[in-house]
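Hello,

Here is the structure I promised to pass on to you. Please open it first, and then read my notes below.

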Amino acid sequence: MDGQQPLSADEIVDVVSESDEVVGQVRRGDAYAHRLRTRCAFVLARDAEDRIFVHRRTARKLVFPSHYDMFVGGVVGAGETYDGTALREAEEELGVTGLPRPAPLFKFLYETPEHTWWSTVYEVRCTVPVQPQESEVDWHAFLTEEELARRIPEWEWTPDGMSAWQRLLERRAGQER
């Protein structure tokens, strides 16, 4: 990196139990350093043509810098709700205002040896031109699901976003049966 601090390391976040009950608050950087469980909102943003907003994260992101993601969103701040975070993060990262409230789809616990957070996945329709937040997004495009599927093996994706995407595809396949 260029000597600058990663984004959001000092943000205060709720620490939650395995059952998603708040048990305390810490700096976001400390939560990651000590693998404390937090909360996250993932928002799948589709345009008027049903394409998915895909972006590459900036190199200054605290986790998964310079990775691609098919979700916007982020960590739920101390005292925030999943729903409030989903709307706030979607509008911030897309650089728009007046989005409809993202619709919740499902919730899951993301756990790896390095990270753990409760995650709620949402979907929102964004029919206005986007102006992504430069501090968060290095590159972006709206891709069809077919284009996205072709890029998945080619690009380095956020592991949590891929976990949410796979779960979304599995749920959709289960509903089609």
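**E93, E89 and the pocket**

With a relative accessible area of 3%, E93 is buried, because the cut-off is under 20%. Please keep in mind that this is a predicted model.

E93 sits in helix α2. Leaving aside residues up to four places away in sequence, E93 touches H55, V72, G73, P132, Q133, E136 and V137.

E89 belongs to helix α2 too, which covers residues 82-94. At a relative accessible area of 9%, E89 is buried. Its contacts, again without residues up to four places away in sequence, are G73, G74 and V75. G73 is therefore touched by E89 and by E93.

Why look at these two glutamates? The UniProt annotation "binding site", from an unreviewed entry, covers E89 and E93. From this set, E89 and E93 are both part of the lining of the largest pocket.

As for that pocket, it holds about 300 Å³ of space. There are 26 residues in its lining, and those closest to the centre are R28, R57, G73, G74 and V75. G73, G74 and V75 are also the contacts listed for E89. Several elements build the lining: α1 (28-33), β3, β4 (52-57), β6 and α2 supply at least two residues each.

**Aromatic rings**

Which kinds of ring contact turn up elsewhere? Searching the whole structure gives eleven aromatic pairs. One of them joins F42 and F71 in an edge-to-face arrangement, with 5.6 Å centre to centre and 80° between the planes. F42 is in strand β3 (residues 38-46), while F71 is in the loop between β5 (68-69) and β6 (72-75), so this pair ties together parts that are 29 residues apart in sequence.

Are the two partners buried or exposed? F42 counts as buried at 3% relative accessibility, and F71 counts as buried at 1%. Ring pairs also link F42 and F71 with F106 and F108, giving a cluster of these four.

There is one charge over a ring to point out as well: K107 lies over the face of W118, at 5.2 Å from the ring centre.

If you want a place to start viewing, try helix α2, where E89 and E93 are found, and then turn to the F42 and F71 pair.

Best wishes

Note on methods. Residues numbered from 1 in each chain as written. Predicted model: local features only at pLDDT ≥ 70, side-chain atom pairs only at ≥ 80, totals over all residues. Heavy atoms only, no water. UniProt positions renumbered as here; feature names shortened; annotations may be inferred. 1 Å grid on protein atoms, 1.4 Å probe; cavity = no way out; pocket = protein on both sides within 12 Å on 5 of 7 lines; lining within 4 Å. Helix = DSSP H or I, 4+ residues; strand = E, 2+ residues; numbered from the N terminus. Buried < 20%, exposed > 50% of the residue type's maximum accessible area, 1.4 Å probe, protein only. Contact = heavy atoms within 4.5 Å. Phe/Tyr/Trp six-rings, centres within 6.5 Å; stacked < 30°, edge-to-face > 60°. Lys NZ or Arg CZ within 6 Å of the ring centre and 35° of its normal. Points joined across faces, edges and corners; volume = space filled by probe spheres on them.
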